[in-house]
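Let me put the model up on the screen. I will talk through how its parts pack together, then look at one residue.

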Amino acid sequence: MISKTLMAASTRPMILAILSREEDYGYSIIQKVKDISGGHLQWTDGMLYPVLQRMEMDGLIASTWRLSGESQSRPRRYYTITDTGHEELASELVSWRNIWRALVRLTKPAPSED
């Protein structure tokens, strides 16, 4: 089980990474996160949509309503990453890589002192 703190910290960069590949809508984002994580990350609508709203207010993503390709009768809100979002994603990736490197170093056995 992934802690709520780690889940919250990783949500924005994960959304930005998904949207850097292509525009997408909420339910599809939830499913991609579940699939990519092998089921370890299971987001809910109640968690995702406030984050998407905040990211849009921060200028990281933009959205438009339109009819979906599958069901022309139901509009969906599609999200796209902005230039600011691309910059944020690049910065987040650097930070996450630095954290990962530090964790790897910290979990290696300490060299013995002779």
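Helix 1, residues 4–21, lies across strand 1, strand 2 and strand 3, and runs at about 95° to strand 3. Contact here means heavy atoms within 4.5 Å. Axes are lines fitted to C-alpha atoms, for helices over the stretch in contact, and angles run from 0 to 180 degrees between N-to-C directions. Helix 3, residues 45–57, also packs on the sheet; it touches strand 2 and strand 3, and its direction makes about 120° with that of strand 2. Helices (H or I, at least four residues) and strands (E, at least two) are DSSP runs, numbered from the N terminus.

This is a predicted model, where local features need pLDDT of at least 70, side-chain atom pairs count only at pLDDT 80 or more, and totals for chains, interfaces and linings use all residues. Residues are numbered from 1 along each chain as its sequence is written, and side-chain values use heavy atoms, leaving out hydrogens and water.

Now the sheet. It is open, with 3 strands in the order 1-3-2 and antiparallel pairing. Strand 1 (24–25) and strand 2 (61–67) are at the edges with a single partner strand each, so one side of each has no neighbour in the sheet. Two strands pair if DSSP finds at least two bridges between them. Strand 1 and strand 3 (residues 75–81) are joined by 2 bridges, and Tyr25 has Tyr78 as its bridge partner in strand 3.

Last, is Ser10, in helix 1, buried or exposed? Ser10 counts as buried because its relative accessibility is 12%, and buried means under 20% relative accessible area, exposed over 50%, partly exposed in between (1.4 Å probe, protein chains only).
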